[in-house]
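Let's take a walk through this one together, from the whole chain down to a single side chain. Have the sequence and the 3D view open as you read.

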Amino acid sequence: MAAEAAAAAAAGVAVGGAGLFEYNRKNFLYDRKLRQDTEYQIMDFRIKQAELWREDVKDIVGLTEVKMDTYNLCSAVMLGFCVVAFCEGRLHPGTPPWIVGCHTLSLGGAFVYFMMALWLSMQASITAKAYEVRLLTQIVRLPVPSWTQLEGARTYGSSFEKTDARQMFRVPFVMGTQERVCDYSLRESKKKARQHVEVPESDAATGTRSRSSNNKKSGDVWGLEGRGDDIYELDGTLRSDPRKLRHLCVMREAMKYWQAFDGLARVAMSIGTNQFVSALSYYVIGYVLISNHAVIASWLVVMLFMVLMAALVRLDMSLTTRDYRVSVMLMGTGPCVTAIAASQWSAKTPSSDAVSALLAPIPFAFHSMWLMWLLKILAPKETGVGILPTGFRAVMFTDIFGWIKKLKDHEGIENEEFQPAPVPGPLDDSTTPSSGAGP
């Protein structure tokens, strides 16, 4: 009877053990199937995130390309106006030479600045496009999974045999959840590892630690997968400050090669427009006042042009009240003094001739001082993306990530304290996150 009872008990234990084994094995295969789907979904998310980063590169470069196309068109049109003014807008013979000199000097300066704007914008557009191609083809690439990653995402049925015996024969509700059994097995493995002083030869040879001695929490309930906290594309902490993103750090370094051309093209176009309006003022003085003797009309048109130049300075530049007043004074003194001198010259009296001869050099002096003053109010500073004329509003609008910190009193620009993290090379495999440890 005892033998039969023992045999029956053994048979019951065997049947129960087989049932527990089959139950846990089905759970294992089901969990591994879900884990494989998760791995594939992670790979898809990484690719979609990298696509967004590639769009970031295209958007940043596209902003420069759109601006440069606009600058090219405007500069080419203004160059045509300058050529027409040189050819068809010549002052009549008998015009005082100092009026002709002021007109020619302003028109020549406008032509030079528009030509510089055209060349700088073309250079910026070509350089930006070249670096866009370089970034998209060498650095900001899609993380298409390799064969090793795809193979690591799959699980063989025989992998169940590598799990701990407690996991194979876990009794539901009695021994707790699979996570609890897995954690208990890992703690036991760590205790056994601390009791042995020797390091396994495989670990000593590779300089790595075995999975059982890894302090990181496992990514699944069977202890076969590592966590994905080190996957760069899925790191949520980087979204709090986009400037720390790797592709934007690389983009910031690349922008140094065209951002100065971008800013200076806008400055050259603005100064060229200022010089062109000034040339029109001198032309009105020489044609309307000298040739047609319409003093009031010429004065009104000159004043209108002065208001236009002042408005352009206010719109294009970020100046203090003092700097703006000095700028308006330097711009307006030349045409105004020229208009007064031309009025005196038209009187054809000895005293008026002496007054006009005395006033004639003043516009040239103020024209020179205005160009020298521009060097100060442009405020060229090192901004982290190259030396930029930070006194222009349009240049500051290129600071889409706040890399340039502007002082409230506009006395200067200081560099942002933010320092981007070192950017690893695109071929550095040690920094490339894997999809999982795999069984």
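We'll begin with the overall picture and then zoom in on two helices.

Keep in mind that this is a predicted model. The protein chain has 13 helices and four strands. Out of its 439 residues, 41% count as buried. As for the outside, the accessible surface comes to about 24200 Å², and carbon and sulfur atoms account for 63% of that. Now look at how the chain meets itself: take the contacts between residues at least 6 apart in sequence, and 76% of them join residues at least 24 apart.

Next, find helix 11, which runs over residues 350-359. Which of its residues are buried? They are S352, S356 and L359. These three cover an arc of only 65 degrees around the axis, so they sit on the same side of helix 11. Swing round to the other side of the helix and you'll meet P350, S351, A357 and L358, which are exposed. And what do the buried residues of helix 11 pack against? Their partners are helix 2 (97-138), helix 10 (321-347) and helix 12 (361-377).

Let's hop over to one of those partners, helix 10, and stop at T333, which lies in it. Is T333 buried or exposed? Its relative accessible area is 17%, and the cut-off for buried is under 20%, so T333 counts as buried. Its side chain also has a polar contact to check out: the side chain of T333 reaches the backbone oxygen of M329 at 2.4 Å.

Conventions. Residues numbered from 1 in each chain as written. Predicted model: local features only at pLDDT ≥ 70, side-chain atom pairs only at ≥ 80, totals over all residues. Heavy atoms only, no water. Helix = DSSP H or I, 4+ residues; strand = E, 2+ residues; numbered from the N terminus. Buried < 20%, exposed > 50% of the residue type's maximum accessible area, 1.4 Å probe, protein only. Contact = heavy atoms within 4.5 Å. Areas by Shrake-Rupley, 256 points an atom, 1.4 Å probe, with all protein chains shown as cover. Arc of directions from axis to C-beta. Polar contact = N/O pair within 3.5 Å; in protein donor to acceptor, adjacent residues only side chain to side chain.
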